[in-house]
Amino acid sequence: MTVVDVRTASIDACPACQRTAPTQVGRSATGFDTSINGRLFRQPPYAVRHCDACGLYFKSATLSAAELSVYYAMLDSAPFEYDGQFPTDRLLLERLAALPERSGVLDFGCSSGRILKSQAARLRCVGVEPNEPAAALARSRGIAITSETELWRSPQTFDAILLTDVYEHLTDPVPLAERLAGRLASGGWLAIITGNADAITDRDRLAEFWYFRLPGHVSMVSERHLYWLAARLQLTLAEVHRCSHYATTVRQELRQRVQAFAYGRFRTSPHGLAARVMRLIPHLKSAEQWTSAPAFTCGEDHIVAFFQRS
């Protein structure tokens with residue numbers, strides 16, 4: 001008898017273009033557990049696959065849609081209250097500041113309203129957010145919260161639409177992107193902020209990169225995927241910015257680079273001179289026991305892409 005784990009789902013075809021038989025990139029990664037308020041969410045072992053047709057990189061397995069829905073409902077938005085210091089946020093805020101007063105802006109997946117809160121008094125800000133505590137905070141910041149159902153029923157168009165840290169969560173991202181593009185007013189723009197797979201130099205351990213070690217993250221884009229998506233949406237890819245998602249200090253960056261080097265040396269050359277030396281250094285020898293690559297957040301691991309309607 002075959003036992004099916006209803007908490008997980010395999011992804012056999014590209015989530016974006018549905019092409020089958022994608023190419024595996026590098027080694028497979030172990031599964032991992034994430035706990036929220038005592039509720040355990042278990043990501044199964046997976047590989048990262050690359051779609052040769054549209055350029056998307058994605059996990060071969062993830063949590064089921066039902067489990068992800070519970071995960072997002074329970075997720076605490078407080079750790080993401082970084083108050084304008086995300087490099088990706090700064091790029092968005094520069095664009096938003098250039099909009100004329102009373103322009104309409106939609107933030108789809110707005111969380112607590114972190115991005116739009118400084119613009120709520122000047123622009124007509126609308127948000128969609130399934131996590132009720134986060135939505136309540138966004139509402140208190142002057143953002144009009146609407147449900148996805150109400151959004152599609154309304155004929156309203158927007159001068160700018162934000163899809164920030166959402167695309168990577170979607171197991172079928174293109175239909176949503178198409179619907180959002182259809183709500184752009186003439187001359188309006190759609191911003192998609194998500195993970196940049198082109199920035200990961202260690203392709204053999206792409207599956208271990210921190211972005212894929214989050215239970216809700218399904219995919220990372222390449223620049224080629226952005227051009228493919230622009231053609232699909234019938235929009236112009238007007239700007240592409242590459243940056244880190246997090247602001248890191250020089251000390252944090254140095255530490256991350258040393259940890260990444262140590263982990264890589266122990267995996268690729270465990271008997272080499274560098275590995276032997278690192279076994280003598282208390283803060284580095286532990287890297288030999290790590291079961292997954294350390295977080296590396298100081299590279300250009302994010303893309304901020306602006307799609308323009310003519």
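In this predicted model, the side chain of Thr-194 makes a polar contact with the side chain of Glu-168, at 2.7 Å. Where does Thr-194 sit? Look in strand 12. Is Thr-194 buried or exposed? Thr-194 counts as buried, because its relative accessibility is 0%. If you set aside residues up to four places away in sequence, Thr-194 touches Tyr-167, Glu-168, Tyr-211, Val-221, Asp-301, His-302 and Ile-303. So Glu-168 turns up twice: as the polar partner of Thr-194 and on the list of residues that Thr-194 touches, with Thr-194 itself buried at 0%.

**Strand 12 and its sheet**

Now zoom out to the whole of strand 12, which covers residues 184-195. Of its 12 residues, 10 are buried, so strand 12 is largely enclosed by the rest of the structure.

Strand 12 belongs to an open sheet of seven strands. Read across the sheet and you get the order 10-9-8-11-12-15-14, with mixed pairing. Which strands are at the edges? They are strand 10 (144-145) and strand 14 (236-243), and each of these pairs on one side only.

You can see what "mixed" looks like by following a few pairs. Strand 8 (residues 104-108) and strand 11 (residues 158-164) run in the parallel sense, paired over three bridges. To find one of those bridges, go to Leu-106, whose partner in strand 11 is Ile-161. Next along, strand 11 and strand 12 are also paired in the parallel sense, over six bridges. Here Phe-158 has Leu-184 of strand 12 as its bridge partner. Then the sense switches: strand 12 and strand 15 (residues 302-308) pair in the antiparallel sense, over seven bridges. In that pair, Ile-192 stands opposite Ala-305 of strand 15.

How does the chain get from strand 11 to strand 12? Helix 5 is part of the story: strand 11, helix 5 and strand 12 make a right-handed β-α-β unit. On the way, in the loop between strand 11 and helix 5 (173-181), you meet Asp-165. Hold on to that residue, as its backbone comes up again below.

**A second sheet**

There is also an open sheet of four strands, in the order 2-5-6-13, and its pairing is antiparallel. Its edge strands are strand 2 and strand 13 (219-220), each pairing on one side only. Strand 2 and strand 5 (residues 46-50) are joined in the antiparallel sense by four bridges. One place to look is Ala-29, whose bridge partner in strand 5 is Tyr-46.

**Two helices**

Helix 2 spans residues 87-97, and its buried residues are Pro-87, Thr-88, Asp-89, Leu-91, Leu-92, Arg-95 and Leu-96. What covers them? The cover includes strand 8, strand 11, strand 12, strand 14 and strand 15.

In helix 3 (residues 132-140) you'll find Ala-134. Ala-134 counts as buried, because its relative accessibility is 2%. Leaving aside neighbours within four places in sequence, Ala-134 is in contact with Ser-77, Ser-111, Ser-112 and Glu-129. As for Leu-151, it is 17 residues from Ala-134 in sequence, and the two C-alpha atoms are 18 Å apart in space.

**Backbone oddities**

Most residues other than glycine have a negative phi. Against that background, Asp-165 catches the eye: its phi is near 55°, a positive value in a residue other than glycine. Gln-18 isn't a glycine either, yet its phi is positive, at about 70°. Gln-18 lies in the loop between strand 1 (8-10) and strand 2 (23-29). With 46% relative accessibility, Gln-18 counts as partly exposed.

**Cysteines without bonds**

How many disulfides does the structure hold? Zero. In a disulfide, the sulfur atoms of two cysteines share a covalent bond. The table shows two cysteines with the closest cysteine sulfur for each.

| Cysteine | Closest cysteine sulfur | Relative accessibility |
|---|---|---|
| Cys-51 | Cys-17, 3.4 Å | 2% |
| Cys-125 | Cys-110, 9.8 Å | 5% |

Why is Cys-125 not bonded to Cys-110? Their sulfurs are 9.8 Å apart, which is too far for a bond. For Cys-51, the sulfur of Cys-17 is 3.4 Å away, and a disulfide needs the two sulfurs within 2.5 Å, so Cys-51 is in no disulfide. Cys-51 is buried, and Cys-125 is buried too.

Methods: Residues numbered from 1 in each chain as written. Predicted model: local features only at pLDDT ≥ 70, side-chain atom pairs only at ≥ 80, totals over all residues. Heavy atoms only, no water. Buried < 20%, exposed > 50% of the residue type's maximum accessible area, 1.4 Å probe, protein only. Pairing = 2+ DSSP bridges. Right-handed = clockwise from strand over helix to strand, strands pointing away. Polar contact = N/O pair within 3.5 Å; in protein donor to acceptor, adjacent residues only side chain to side chain. Contact = heavy atoms within 4.5 Å.
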